[in-house]
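Thanks for coming. I have one structure to go through this morning, and I will keep it short.

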Amino acid sequence: MTKSPVSAARPSAGGFMDLALAEARAAAARGEVPIGAVLVRDGVLLAADGNRTLELCDPTAHAEVQVIRAACEKLASQRLPDCDLYVTLEPCPMCAAAISFARIRRLYFGAGDPKGGAVENGVRLFGQPTCHHAPEVYSGLAEADAAGLLRDFFRDRRD
């Protein structure tokens, strides 16, 4: 788990997305798909990380799952009802389910994911009648930066 510094000044929503983008860049530097996430409660950073599926040989080690696990451990709780999640890409079905099960209050994400997303695309998990908890969702935060990281990462892999 990446240890991100917590500053005395509380970042704005854009500031937290900047931290998520930094985690995405760090993931790319490790050869992982560049997705980063941070989890915040009352303006205080609880956890920050990026994808680690290759490093950990774990298909569930998405950035969102990593920060949810870390925050739950830190708070000694399986629920995070007063927490906000910032992630650079629209969560997949697995991550959307984890967000719901953790009872995260708000989800902020950067780029939409027409192929693998499960919030505004695909199954739209939070809109399903079987979904026990749906966070408030805010999309498009730093969208161009988040999409650019992914586009550049995959372009470099093809070249």
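**Loops, fold and cysteines**

I'll start with a single residue: Ala142 sits in the loop that connects E5 to helix H5 (143-158). What is the phi of Ala142 near? It is near 55 degrees, a positive value, and Ala142 is a residue other than glycine. The relative accessible area of Ala142 is 26%, so this residue is classed as partly exposed. Bear in mind that this is a predicted model.

There is another such case. Arg124 is not a glycine either, yet its phi is positive, about 45 degrees. Arg124 belongs to the loop between strand E4 (106-111) and strand E5 (136-139). With a relative accessible area of 48%, Arg124 also falls in the partly exposed class.

Now the chain as a whole. How many helices and strands does the protein chain have? Five helices and five strands. In sequence order, the pattern reads α-β-β-α-α-β-α-β-β-α. The radius of gyration is 14 Å, close to the 15 Å that the globule rule gives for 159 residues, so the protein chain is as compact as a globular protein of that length. Along the principal axes, the C-alpha atoms fill a box of roughly 45 × 40 × 30 Å.

On packing: take the contacts between residues at least 6 apart in sequence, and 58% of them join residues at least 24 apart. Of the 159 residues in the protein chain, 43% are buried.

On the surface, the protein chain exposes about 7,900 Å², and carbon and sulfur atoms supply 54% of that area. As for charge, the protein chain has 18 positive and 20 negative charges, and their mean positions are 3 Å apart.

Last, the cysteines. A disulfide is a covalent bond between the sulfur atoms of two cysteines. The cut-off used here is a sulfur pair within 2.5 Å. How many disulfides does that give? The count is zero. For Cys95, the nearest cysteine sulfur is that of Cys92, 3.7 Å away, and Cys95 is in no disulfide. Since 3.7 Å is the distance to the nearest cysteine sulfur and a pair must lie within 2.5 Å, Cys95 does not qualify. Is Cys95 buried or exposed? Its relative accessibility is 0%, so Cys95 counts as buried.

Why is Cys131 without a bond? Because the closest cysteine sulfur, in Cys92, is 14 Å from the sulfur of Cys131, which is too far. Cys131 has 17% relative accessibility and therefore also counts as buried.

That is what I have; I'll take questions.

Technical notes
Residues numbered from 1 in each chain as written. Predicted model: local features only at pLDDT ≥ 70, side-chain atom pairs only at ≥ 80, totals over all residues. Heavy atoms only, no water. Buried < 20%, exposed > 50% of the residue type's maximum accessible area, 1.4 Å probe, protein only. Helix = DSSP H or I, 4+ residues; strand = E, 2+ residues; numbered from the N terminus. Rg over C-alpha atoms; globule rule 2.2 N^0.38 Å. Contact = heavy atoms within 4.5 Å. Areas by Shrake-Rupley, 256 points an atom, 1.4 Å probe, with all protein chains shown as cover. Lys, Arg positive; Asp, Glu negative; His and termini not counted. Charge placed at Lys NZ, Arg CZ, Asp CG, Glu CD.
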